[in-house]
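Biologist: I would like a close look at a single part of this chain, with its neighbours described in turn and the rest of the fold kept as background. Could you take me through it in one connected account?

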Amino acid sequence: MSSATLRLRRLVLLHAAALVTTSLATTSLVTFPAAAQSRQDLPPVTIQAPDQARLAAPRPQQRSAARSTRAVRSAQSSSQPAPPAEVAPAAARGPALTVLTVQQALADIQQTPGGVALVPANAYRNSTVANTIKDILDYVPGVFAQPKWGDDTRLSIRGSGLSRNFHLRGVQLYMDGIPINTADGYGDFQEIDPTAYNYVAVYKGANALQFGANSLGGAINFVTKTGRDPFPNGVSVDAGAFGFRRLQANAGGVNGAWDGYVTASTQAAEGFRDHSDGEAHRLSANIGYQITPDIETRFYLNANHVRQRIPGSVTKDIALNSPQTAASNNVTLDQQRNIDTVRLANKTTIRFDNTVVDFGAFGVDRHLMHPIFQWLDYRYQDYGGFAKVTDDREIGGYRNRLVAGVNILNGRLDNKQYVNVAGQKGALASSSLDKSSNTTFYIEDSFYFLRNVALVAGTQFLHATRDRRDRFLSDGDQSGSTEFNLWSPKGGLLWQIDPAWQAFANISRSAEVPSFGESASGPGIPFIPFTSIRPQRATTYEIGTRGARPDLTWELTGYRAEIKDELLCLYSAFGNCNVTNADRTVHQGIEAGLGVALFKNLFERGPTADRLWLNMAYTLNDFRFDNDAKFANNLLPGAPRHYLRAELLYKNPNGFYAGPNVEWVPQAYYVDSANTLQTDPYALLGLKAGIDNGGPYSIYIEGRNLLNKAYIASASIIDKANANSPLFEPGTGRAVYAGMKVRW
């Protein structure tokens, strides 16, 4: 890593607090946007944790011209859902051209004839501790997100990446449209800061076509605020069980054509389990400049410094009877996952009458210091660019929306592994230089042959290469290269039944390129180098509906994915999973969300009456081999068949809310492909209460697993397990958190 990069990293991380303080001190020089925040009472895309502040009366308009303009925009975002079929064309953006507001992003994502979700920050940020990606995605059906330790999470969408026992595969993560995953497909969660985002967009499966997502799970885009958003300044404090504490601050504003925003957080925790302590310091910032009213450019900076010990997977007996116990080998080797990253990017948007052009470039410098069975010293340098055209106009009296673009993600990994000597580097054990390239072209057209029915057709082409140059030849030469050229077409229908009710159906293809980690070797199993691993291909059929009424929201989707060459654990050696290609598998399921006001006018009557709100997200997973030569029609391991999240909240128009919640896995699931070892079913009871009236102050208290249930939150998988297989990650015991936020 260059000395310049090191200096930049130290600067942005060690002085993050100073940057925020300086921004706060200069507020007198900035014209701030309106204090009134755009709110939506009944979100039509995903059944979210209800936002208590949505019941509050609108804040008064401010006097300045800039604030008055924003207040008008907020007033246009009424408590009713934005009619998806009646949305303004793509060129109708603002106040920042380069970043969509929550309402604009909601209208945009509703153009998709398939499973998508939008989670605004106010659905989770002010009412939970929000310290992992699970807190963001808890109420998105079809998503299985369970924390393992620290920030690390087992994330799967529609059964994606079930065989990945470490890191992430099968879902592509983005921050402001810039890839978080490495160029060969790996992903980590340590760079995700739930306190930093304005909203999170989830695109399931091939519905992520515009991101060039070549995976079964799709893509998730974490979008930060700009200086033109409401409430750009704030400070929050959170603390609770197992030594968790976090301080977060953000500042921003507008000065003429310029706007800027910066958010920084520092957190630490001792952890529920032994050997699970960690700390993280994160910073995100962006500066935008409106060259003209129709041209804007924005520069992004993201930096992370994470130090985290790993308690490891244990046997089922230990997980359920001594859940705080760490794996002995993890303690002996002082296993850790430590990450330093700096990400720089630029995005420019040009608006024409009916067309918007977005383009940009990015670079990421990442250093992974990872003592596990060996001491991994990985230095990633990823870079790329993107361009996208969105054209929304009438052609021959019919509305037509065309989206086309190109994404480039290339990377270089300097890969060195050393003998782990009690957490310290020993002798060099392997070394290689790994290079990856990915170029994706995509096009999708939505033609409204009826006023409220669109025929959607598109395709994606991916050209990808993987090249490894082995620099440690004493154990043989593992050099090699592969090349992939893959088409992924899709077609569907989007029917706008009424302004707040949609039905959709689609057929799509997806193709997931293997990473350098897929291979097989070891005693008694076939040797399969990474160059022999084929891409995973799937054909997915999907049908569903989503919508809203004044006291009701819903989402119901059914899908079936027929997969060839799924990347799965078919062999194991020394207890480690070897990921290779299965023959044929099937992933199918139901994703259902419901939000409903069971009772209203309990103590408060009128247009802002109080209510008792039920919120539910249910997922049915049916994943199995399809007449496999070795595993027949066994269930695929790694994910529960049924998963339910639900809460019942009393919400008062003064901002007070309180109620219980439950997480329920009623049926154990297998952890091995041979279907010989299972987890245990569980149900967790939680409770939260707080005050958030949409104003400058909010406060919450939250209790989790109040009955102190010993349970298995997630599990690694293997081909064939036994009772002593160390595959299980215990869930966290009883915990209470509290926090407050001030914003202006």
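Modeller: Two strands are taken to pair if DSSP finds at least two bridges between them. With that cut-off in hand, and keeping in mind that this is a predicted model, the part I would look at closely is strand 9, which covers residues 244–255. On one side of the account stands strand 8 (residues 234–240), which pairs with strand 9 in the antiparallel sense over seven bridges, and within this pairing Gly234 stands opposite Asn250 of strand 9. The two strands form a hairpin with three residues between them, and Phe242, which sits in that turn, has a positive phi of about 60°.

Strand 9 also pairs with strand 10 (residues 258–269), again running antiparallel, and here eleven bridges join the two. Gly252 of strand 9 faces Tyr261 in strand 10 across this pairing. These two strands likewise make a hairpin, this one with two residues between the strands, and Gly256 takes a positive phi near 65° in it.

As for cover, strand 9 is mostly shielded, with nine of its twelve residues buried. Leu247, which belongs to strand 9, is not among the buried ones, because its relative accessibility of 45% makes it partly exposed, buried being under 20% and exposed over 50%. Leu247 takes part in a nonpolar patch on the surface together with Val237, Phe656, Ile691, Ile699 and Met740, and the accessible area of these residues together is about 510 Å². In general, nonpolar side chains in soluble globular proteins tend to be buried together.

The background to strand 9 is a chain of 744 residues, of which buried residues make up 63%, and whose secondary structure comes to seven helices and 33 strands. Among the contacts with a separation of 6 or more, 68% are between residues 24 or more positions apart. The chain exposes about 27,200 Å², and carbon and sulfur atoms supply 59% of that area.

Elsewhere in the chain, the largest nonpolar core has 27 residues, and those with the most contacts inside it are Leu137, Leu155, Leu173, Ile220 and Phe222. The elements that give two or more residues to this core include strand 1, helix 5 (133–137), strand 6 and strand 7 (218–224). A second, separate core has 23 residues, including Leu118, Tyr174, Ala208 and Leu409. Leu155, from the largest core, touches residues that include Ile133, Leu137, Val143, Phe189 and Ile220, when residues up to four places away in sequence are not counted.

Two further places help to complete the picture of cover. Helix 4 (residues 102–109) is mostly covered, seven of its eight residues being buried, and its buried residues pack against strand 1 (116–120), strand 6 (197–204) and strand 21 (536–549). Ser488, in strand 19 (residues 480–498), has a relative accessible area of 7% and is therefore buried; setting aside residues up to four places away in sequence, Ser488 touches Thr459, Gln460, Arg509, Ser510 and Ala511.

To return to the part you asked about, strand 9 is paired with strand 8 over seven bridges and with strand 10 over eleven, and while nine of its twelve residues are buried, Leu247 contributes to the nonpolar surface patch.

Conventions:
Residues numbered from 1 in each chain as written. Predicted model: local features only at pLDDT ≥ 70, side-chain atom pairs only at ≥ 80, totals over all residues. Heavy atoms only, no water. Patch = residues over 30% accessible without salt bridge, like charges linked within 9 Å, V, L, I, M, F, W, Y side chains within 5 Å. Areas by Shrake-Rupley, 256 points an atom, 1.4 Å probe, with all protein chains shown as cover. Salt bridge = Lys/Arg side-chain N within 4 Å of Asp/Glu carboxyl O. Helix = DSSP H or I, 4+ residues; strand = E, 2+ residues; numbered from the N terminus. Buried < 20%, exposed > 50% of the residue type's maximum accessible area, 1.4 Å probe, protein only. Contact = heavy atoms within 4.5 Å. Core = buried A, V, L, I, M, F, W, Y, C linked by side-chain atoms within 4.5 Å.
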